[in-house]
Amino acid sequence: MKKLILFGVLLGSFFSLNFVYSAPITEYLQPYLVVGDNQFILRAISNSSTCPSVQWDSQPPEIMKVRVNEGKIPARNKSELIDADFPILTCELVWPKGVKEGKINQQVFKLPPSEIKKIVVVGDTGCRLKAAEKFYQDCNDQVKWPLAKVMAQAAMKNPDLVIHVGDLHYRESPCPESLGGCKDSPWGYGYDAWKADFFDPAKPLLEKAAWVYVRGNHEVCSRAGQGWHRFIDTNSWDEKRSCNNPANDGHGDYSEPFSVSLGKAAQFIVFDSSKNGAKQITEKDESFLIYLNQFKKIEQLAVNKRFNIFGSHHPLNILLPAKKKDSESEYQLYPTGFTNLLASLNGEELLKSPINLTIHGHNHIFEAITYEMNRPAEIVSGNSGSSLEELNIPEIALSEVQKKLLKIKEFASYQNFGFGTLERQDDNGEQWLFTEFDINGKSLLKCNVSGRTVICK
Ligand SMILES: [Fe+2]
């Protein structure tokens with residue numbers, strides 16, 4: 001009988017223990033450094049109930065401020081099948097003046113040098129899951145979606161700065177059960193999709209250098225804009241701009257241009273083209289004045305330095321095989337929504353001197369274009385992970401006749417996955433070398449950037 005009672009007590013205590021036991025939540029903390037308008041902001045995403053501390057140099061730790069609390073935002077419309085769940089805090093602190101180093105846990109961040117020597121350029125990085133187009137990239141296959149490899153290789157180049165030319169989030173639809181390549185992928189606009197699509201694969205590069213982000217059309221309010229404002233946008237948090245309420249999209253869909261110094265004579269100018277990629281903008285559009293004022297501001301920013309790189313997600317022109325309906329010639333330069341507006345302001349120069357080079361993504365390819373006329377040279381670097389352009393030709397090869405027809409002086413392209421580096425070649429920052437790498441970090445093309453030319457070998 002005693003044995004039976006003892007057994008009962010043991011059994012009871014086992015169940016009561018089991019009842020109170022809950023598995024410990026694994027602590028998740030992702031720190032990263034973003035570059036905004038004349039400021040660096042240290043951020044951290046955390047699943048803890050409080051923000052972590054930063055140790056600036058040898059000062060006592062400072063607790064980071066909450067940028068945005070956790071939240072589950074109801075789906076903005078019926079086509080969004082799930083709510084956007086952000087069960088994490090976004091924390092931040094503006095980098096204090098005079099401080100050299102910021103440490104979160106064991107992760108040390110340093111400011112880039114004032115004279116930037118090496119920049120990594122990536123773009124269009126996420127894994128495309130899009131039911132409306134019946135397109136499902138194999139997110140679980142590192143050959144079909146090689147972003148983790150690209151980011152690890154890019155981190156090994158030890159850049160001072162990273163530029164992401166936009167489109168970070170692609171997992172908009174659930175992976176069909178029948179497909180193994182994307183099986184169990186998170187999807188929708190909440191944090192689990194952002195984590196899988198961006199923060200996890202980008203981790204080695206996020207922890208290596210400060211990032212400048214250019215906003216892509218995937219980050220407009222009607223798509224992954226909520227995550228954009230929580231994690232990436234460098235303005236102070238503003239609920240009106242958060243993309244949580246569609247009635248406020250007129251605020252959340254636009255951002256003011258800003259510049260990032262690359263040294264004494266050079267700077268990078270960031271333009272948010274996300275809302276107006278395809279449609280030619282006209283005076284009738286309500287955004288016409290917004291963009292017109294933004295281009296005026298860009299002109300004012302540009303005169304502060306001798307060498308300017310302009311970054312927008314959408315290329316001002318992209319060279320692609322011509323669609324039959326567009327042209328009899330083999331290739332065509334396709335404009336973006338802003339090209340006509342810029343042509344009406346500045347003629348065929350599009351962007352006035354001293355803007356020397358423009359850098360873009362959107363098209364999932366690498367292209368380097370020098371024009372015959374006086375116009376900034378152009379680099380498209382949108383091949384870092386998302387499904388590539390389906391061009392059905394092994395490479396774009398321009399004959400001399402076609403170049404003349406398109407008013408192109410120099411052209412190079414690479415149609416597979418990769419990333420680029422932009423390395424300074426002179427003291428002032430008026431000569432740069434753009435190198436295009438494959439996913440294994442092997443150098444493929446070396447392109448000299450100077451004046452308004454980009455010439456690849
Ligand atoms: Fe895009």
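These legends describe close-up views of one predicted model. Local features need pLDDT of at least 70 and side-chain atom pairs count only at pLDDT 80 or more, while totals for chains, interfaces and linings use all residues. Residues are numbered from 1 along each chain as its sequence is written, and side-chain values use heavy atoms, with hydrogens and water left out.

**View 1. The whole chain, with eight helices and 28 strands.** Helices (H or I, at least four residues) and strands (E, at least two) are DSSP runs numbered from the N terminus. Along the principal axes, the C-alpha atoms fill a box of roughly 100 × 55 × 45 Å. Of the 457 residues, 56% count as buried (under 20% relative accessible area, with a 1.4 Å probe and protein chains only).

**View 2. The iron ion and its protein donors.** Asp167 (OD), Asn217 (OD1), His313 (NE2) and His362 (ND1) lie 2.0 to 2.2 Å from the iron ion. Donors are N, O and S atoms within 2.8 Å of the metal (3.2 Å for Na, K and Ca); water is not among the atoms, so the site may look incomplete. The angles subtended by the four donor atoms run from 87 to 164°, which makes the arrangement irregular. Four donors count as tetrahedral if all angles lie between 85 and 135 degrees, and as square planar if opposite donors are over 155 degrees apart and all others between 65 and 115; six count as octahedral by the latter rule, and anything else is irregular.

**View 3. Asn217 and His313 in their loops.** Along the chain, the donors follow the spacing D-x49-N-x95-H-x48-H. Asn217 sits in the loop between strand 15 (210-213) and helix 4 (225-232), and His313 in the loop between strand 18 (307-312) and strand 19 (317-321), so the pair ties together parts that are 96 residues apart in sequence. Asn217 is buried, at 15% relative accessible area; His313 is buried as well, at 0%.

**View 4. The largest cavity, with about 40 Å³ of space.** A cavity is a set of points on a 1 Å grid over the protein atoms alone where a 1.4 Å probe fits but cannot get out; lining residues have an atom within 4 Å of a point. Grid points are joined across faces, edges and corners, and a volume is the space filled by probe spheres set on the points. The lining includes Leu316, Tyr371, Arg375 and Glu378.

**View 5. The second largest cavity, with a volume of about 30 Å³.** Among its lining residues are Arg67, His229, Asp233 and Trp237.

How values were computed
Buried < 20%, exposed > 50% of the residue type's maximum accessible area, 1.4 Å probe, protein only. 1 Å grid on protein atoms, 1.4 Å probe; cavity = no way out; pocket = protein on both sides within 12 Å on 5 of 7 lines; lining within 4 Å.
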